[in-house]
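I opened this model to look at its helices and its pockets. My notes follow.

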Amino acid sequence: MEMTMTRSEEQAQKAKSAKLILLFAMVSMTMMFAGLTSAFVVSKSRADWLKNFELPSAFYYSTAVIIACSVTFYLAKKAIQKDNRSATTGLLFATLALSILFVVLQFVGFGQIVSSGYYFTGEGSSITTTFLYVVTVTHLLHLAGGLISLLIIIYNHFKQKYNSTQTLGIELGAMYWHFLDLLWVYLFLFLYFFK
């Protein structure tokens, strides 16, 4: 006897599979950043490690901004679950604006580091600033993936692909964005406390 799935069962299976794939990807990224932060801890014992290095003030602001991104993305997901398209639109655009501000603040932070006389490469660089640069740029590269997915979500939202019964794209985007948020908060706290 052959069993066939209903449309809603197919959608539920697809959602479960997509979330599982995203979860595996996030675990893989977590392992990569664990490796980078482990290398940071090991390198801290080097004689040329900067003991008095302070994180730039822009990194503090960018941390608040990326947390706000997670809040607006969460609210966008809740709004579409209630079929509130206009609120979803505003919240998705707020998330996009905040994410762009996060990237800008990261580069402002790099500028603050350089203006303090610390460089990431070359003769004036140190292992401390080079590690900081590698960790933050690697996070920014992952954030670029989040920005691309956010733009696709906004496009699909305007194509009316999301409603209270079809939220998979927004759910996946929100999952990844919350991961990026938690990852940055972890990296920020790590860099703040393990100078």
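I settled the pocket terms before anything else. On a 1 Å grid over the protein atoms alone, a pocket is an open set of points with protein on both sides within 12 Å along at least five of seven lines, where a 1.4 Å probe fits; lining residues have an atom within 4 Å of a point. Grid points are joined across faces, edges and corners, and a volume is the space filled by probe spheres set on the points.

I noted the ground rules too. This is a predicted model, in which local features need pLDDT of at least 70 and side-chain atom pairs pLDDT 80 or more, while totals for chains, interfaces and linings use all residues. Residues are numbered from 1 along each chain as its sequence is written, and side-chain values use heavy atoms, without hydrogens or water.

**Overall.** I counted five helices and zero strands (DSSP runs numbered from the N terminus: H or I of at least four residues for helices, E of at least two for strands). The C-alpha atoms fill a box of roughly 70 × 40 × 25 Å along the principal axes.

**Largest pocket.** I read its volume as about 190 Å³. Its lining includes Arg7, Glu10, Lys14, Thr165 and Glu171. Two elements, α1 (7-43) and α5 (168-193), give two or more residues each to this lining. The largest share, six residues, comes from α1. By class I found two nonpolar, four polar and five charged residues. Here Ala, Val, Leu, Ile, Met, Phe, Trp, Tyr, Cys and Pro count as nonpolar, Asp, Glu, Lys and Arg as charged, and the others, Gly among them, as polar.

**α1 and α5.** How do these two helices cross? Their axes come within 11 Å and cross at roughly 15 degrees. Axes are lines fitted to C-alpha atoms over the stretch in contact, with angles from 0 to 180 degrees between N-to-C directions. α1 and α5 are therefore roughly parallel (an angle under 35 degrees). The crossing is right-handed (the near helix is turned clockwise from the far one by less than a right angle).

**α2 and α4.** I checked lengths here. The 25 residues of α2 (57-81) should span 36 Å, and its end C-alpha atoms are 37 Å apart, which agrees. The expected span is 1.5 Å times one less than the number of residues. α4 (127-158) has 32 residues and reaches 46 Å, close to the 46 Å expected. The axes of α2 and α4 come within 14 Å and cross at roughly 25 degrees. That makes α2 roughly parallel to α4.

**After the helices.** Asp83 follows α2, with a positive phi near 60 degrees. Gln160, just after α4, has a positive phi of about 65 degrees.

Terms used: Parallel < 35°, antiparallel > 145°, perpendicular 65-115°, else oblique.
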